[in-house]
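User: I would like to learn how to read the features of a model such as this one, beginning with the way helices pack. Could you take me through them, giving the general idea before each case?

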Amino acid sequence: MSGLFISFEGGDGAGKSTQLRLLADWVRTASGREVVVTREPGGTDVGRTLREVLLHGADLDPRTEALLFAADRAHHVASLVRPALERDAVVLTDRYLDSSVAYQAGGRELSGEEVEQLSLWAVQDLLPQVSVLLDLDPVHLPQRLTGAPDRLERAGDGFHVRTREAFLARAAQDPGRWLVLDAAAGIEDLAADIRARVAPLLGVAP
Ligand code: TYD
């Protein structure tokens with residue numbers, strides 16, 4: 001596979017979608033490569049049905065929730081991400097497997113290892129070459145969240161603190177894959193740091 005796969009991770013309201021859009025525009029202009037912008041959950045038609053169930057449906061027990069996120073991911077990778085990488089595209093996804101480890105394993109019931117194994121099985125071990133963590137202290141959350149909260153966003157402060165710690169711990173374990181940035185920085189500064197990390201992989205100047 002010769003494409004480039006990049007994920008954006010972080011808490012709700014960290015600015016992932018803004019940075020993803022800026023990077024997509026820059027990659028198109030700077031490299032002329034095809035860019036595919038997608039997200040989880042809900043990057044495909046089947047995924048949009050699962051997204052509705054996951055974010056706006058009834059409460060789910062932790063195993064059901066983990067399996068549905070993994071099912072969304074399996075279909076997303078098989079039907080959209082891998083085919084795009086095979087035709088040499090640059091794929092930018094708003095959330096991927098690390099979100100499952102951070103969100104589905106934070107509670108009492110499932111360990112990070114089992115959630116990770118489930119997702120790795122679902123995607124046949126496909127990991128991004130770069131994962132950008134937009135790390136946001138949850139004290140900034142009330143100003144940043146817009147619109148009605150989804151089922152996971154209603155989970156309370158302790159939940160956001162745990163997911164943040166889980167992302168930081170994963171990033172520390174695999175520094176070669178992760179670029180950790182302080183999401184409180186300015187939009188342009190963040191975009192420049194992301195370009196600097198990605199440019200060499202495309203063989204272009206940042
Ligand atoms: P979404 O609106 O797509 O993202 P954001 O809040 O980042 O703007 O919401 C996705 C929600 O689903 C978010 O609260 C995180 C959660 N989620 C998981 O719990 N596990 C996962 O594997 C993924 C991909 C997302």
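Analyst: The axes of H4 and helix H5 (residues 112-122) cross at roughly 150° and come within 9 Å of each other, in what is, one should keep in mind, a predicted model. Angles over 145 degrees count as roughly antiparallel, and H4 and H5 are therefore roughly antiparallel to each other. The crossing that H4 and H5 make is right-handed.

User: What is the handedness of the crossing of H2 and H3, and at roughly what angle do their axes cross?

Analyst: The axes of H2 and H3 cross at roughly 160° and come within 9 Å, so this pair, by the cut-off already used, is roughly antiparallel as well. The crossing of H2 and H3, however, is left-handed, whereas that of H4 and H5 is right-handed.

User: How should I read the packing of H1 and H8, and what is the angle between them?

Analyst: Helix H1 (residues 16-31) packs against helix H8 (residues 187-202) at an angle of about 45°, and their axes are 10 Å apart. Angles under 35 degrees count as roughly parallel and those from 65 to 115 as roughly perpendicular, and H1 and H8 are therefore oblique to each other. H1 passes H8 in a right-handed crossing.

User: Turning to the ligand, which residues come nearest to it, and which helices supply at least two residues of the shell?

Analyst: A residue is counted here if one of its heavy atoms lies within 4 Å of the ligand. There are 17 residues around the ligand, of which Asp12, Lys16, Arg95, Ser100 and Gln104 come nearest. Helix H2 (45-56), helix H3 (62-86) and helix H4 (97-104) each supply at least two residues of the shell, and H4 gives the most, with four residues. By residue class, the shell divides into nine charged, five nonpolar and three polar residues.

User: Which side chains have an N or O atom at a stated distance from a ligand atom, and what share of the ligand's accessible area does the protein cover?

Analyst: For oxygen atoms of the ligand, the distance to an N or O atom in the side chain of Asp12 is 2.6 Å, and that to an N or O atom in the side chain of Arg95 is 2.8 Å. A nitrogen atom of the ligand is 2.8 Å from an N or O atom in the side chain of Gln104. On its own the ligand has 550 Å² of accessible area, and the protein covers 89% of this.

User: Finally, what should I look for in the backbone, and where are Pro41 and Asp88 placed?

Analyst: Most peptide bonds are trans, and most residues other than glycine have a negative phi. The peptide bond from Glu40 to Pro41 is cis, with omega near -10°, and Pro41 is placed in the loop between strand S2 (35-39) and H2. Asp88, although not a glycine, has a positive phi of about 80°, and Asp88 is found in the loop between H3 and strand S3 (90-94).

Technical notes
Residues numbered from 1 in each chain as written. Predicted model: local features only at pLDDT ≥ 70, side-chain atom pairs only at ≥ 80, totals over all residues. Heavy atoms only, no water. Polar contact = N/O pair within 3.5 Å; in protein donor to acceptor, adjacent residues only side chain to side chain. Areas by Shrake-Rupley, 256 points an atom, 1.4 Å probe, with all protein chains shown as cover. Nonpolar A, V, L, I, M, F, W, Y, C, P; charged D, E, K, R; others polar. Axes fitted to C-alpha atoms, helices over the stretch in contact; angles between N-to-C directions. Left-handed = near helix turned anticlockwise from the far one by under 90°.
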